[in-house]
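Here is a friendly note to read with the model open beside you. The points go from the whole chain down to single residues, so feel free to click along.

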Amino acid sequence: MIYQHEITERIRHHECDANGELKLHSLFDRLQDAAAEHAGILNVGMEDMAEMRLIWVLSRLQIKLDKPLLLGQVLQVKTFPCGIRRVFAHRCYDLIADGVRAGIAGSFWLPVNMAANRPVNVKKVLPPEIMDMPEVEKFFPDMDKLPEVSGEICSSRVVGSGDIDLNRHLNNAVYARWISDILGEKYSLMAVKVREIQLNYLNAGQYGEEIFMRAQSDAEGNFLISGGKSDGTAVFQAAGTVEL
């Protein structure tokens, strides 16, 4: 069994911001592609899950960048399973730019029954060989709930057709794009340098729904952002740091 998977591609113009850095949502896209490809290799990919009437749902994601990811660099995203953490399948990522580690990421995933829209015991889905994985380096194994965000609504977005993914939900990278927009407004920046972020996905955004967002930030670049529906249903929470 192949316990590590890698996708390697040069950072291209359309993925970069005004500073020539990889946009946050473009990084999210690459992480998602690497995870999806590897899941297929491990026989728990989208088609395998569909046969069981299940889907993988990303529940939490944390990224820490020690170096900027720049236009023209060859970016290797190395991903590997890290066993089970509480009710989640834990997956990690090593980010290598031009041969040098530029950052790390960790993610928590839940298998969900499509018909009932309810989580399934992850031990019934993962191959036994990857339920523990004690020998691998585990990044961000303790991602937890995030603080509530106070204050007035600062922005809203309607989920459009271009925001929907294969699971017919708001794609996880779109949240990153919205967060970048809000941080740009908060800090009056054309291009936001997010150096660390944790994003908790709480409930799926659906086509046509309006998501209302609140944000808190300070002069050191620390931020909290949350989004929810008009009925009060929480959709996501994010916390992190911007380089100013």
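Before we start, a word on one term: two residues are in contact when they have heavy atoms within 4.5 Å of each other. Please also keep in mind that this is a predicted model.

1. **Layout of the chain.** How many helices and strands does the chain have? There are three helices and eleven strands. Following the sequence from its start, you meet them in the order β-α-α-β-β-β-β-β-β-α-β-β-β-β. The radius of gyration is 18 Å, close to the 18 Å that the globule rule gives for 244 residues, so the chain is as compact as a globular protein of that length.

2. **Extent and packing.** The C-alpha trace spans about 50 × 45 × 30 Å along its principal axes. Of the chain's 244 residues, 49% count as buried. If you take the contacts with a sequence separation of 6 or more, 71% of them join residues 24 or more positions apart.

3. **Surface and charge.** About 11,900 Å² of the chain is exposed, and carbon and sulfur atoms supply 48% of that area. The side chains include 26 positive and 33 negative ones, and the centres of these two sets lie 2 Å apart.

4. **Helix H1.** Does the length of this helix agree or disagree with what its residue count predicts? Helix H1 covers residues 24-41, and at 1.5 Å a residue its 18 residues should span 26 Å; the end C-alpha atoms are 26 Å apart, so the two agree. Its buried residues are Leu24, Ser26, Leu27, Phe28, Arg30, Leu31, Ala34, Ala35, His38 and Ala39. As a reminder for reading such a list, an α-helix has 3.6 residues a turn, so residues three or four places apart point the same way. Just after H1, Asn43 takes a positive phi of about 65°.

5. **Ser26, within H1.** Is this serine, which lies in helix H1, buried or exposed? Ser26 has a relative accessible area of 7%, and because buried means under 20%, Ser26 is buried. Between Ser26 and Ala215 there are 22 Å from C-alpha to C-alpha, and the two are 189 residues apart in sequence.

6. **Met46, in helix H2.** Met46 belongs to helix H2, which covers residues 46-51. With a relative accessible area of 49%, Met46 is partly exposed. Not counting residues up to four places away in sequence, Met46 touches Leu166 and Asn167. Looking back along the chain, Met46 and Ala36 are ten residues apart, with their C-alpha atoms separated by 7.5 Å.

7. **Gln73, in a loop.** Gln73 sits in the loop between strand S2 (54-65) and strand S3 (74-85). Its relative accessibility is 15%, so Gln73 counts as buried. Which residues is Gln73 in contact with, leaving aside neighbours within four places in sequence? They are Glu9, Arg10, Ile11, Pro68, Ala97 and Asp98.

8. **Met133 and Phe140, with positive phi.** Met133 is found in the loop between strand S6 (118-119) and strand S7 (155-158), and Phe140 is also in the loop between S6 and S7. Phi of Met133 is near 55°, a positive value in a residue other than glycine. Phi of Phe140 is likewise near 55° and positive, again in a residue other than glycine. Met133 is buried, with a relative accessible area of 3%, and Phe140 counts as buried at 17% relative accessibility.

9. **Lys123, in the S6 to S7 loop.** Lys123 is another residue of the loop between S6 and S7. Is Lys123 buried or exposed? Its relative accessible area is 54%, and since exposed means over 50%, Lys123 is exposed. Leaving out residues up to four places away in sequence, Lys123 touches Ile84 and Met131. Lys123 and Tyr207 are 84 residues apart in sequence and 31 Å apart in space, C-alpha to C-alpha.

10. **Ala219, between S9 and S10.** Where does Ala219 lie? Its place is the loop between strand S9 (210-217) and strand S10 (222-228). At a relative accessible area of 68%, Ala219 is exposed. From Ala219 to Val242 the C-alpha distance is 10.0 Å, with their positions 23 residues apart in sequence.

Conventions:
Residues are numbered from 1 along each chain as its sequence is written. This is a predicted model: local features need pLDDT of at least 70, side-chain atom pairs count only at pLDDT 80 or more; totals for chains, interfaces and linings use all residues. Side-chain values use heavy atoms; hydrogens and water are left out. Helices (H or I, at least four residues) and strands (E, at least two) are DSSP runs, numbered from the N terminus. The radius of gyration is taken over C-alpha atoms; the globule rule is 2.2 Å times the number of residues to the power 0.38. Buried means under 20% relative accessible area, exposed over 50%, partly exposed in between (1.4 Å probe, protein chains only). Accessible areas come from the Shrake-Rupley method with a 1.4 Å probe; for residues, only the protein chains shown count as cover. Lys and Arg count as positive and Asp and Glu as negative; His and the chain ends are not counted. The place of a charge is taken as NZ of Lys, CZ of Arg, CG of Asp or CD of Glu. The expected span of a helix is 1.5 Å times one less than its number of residues.
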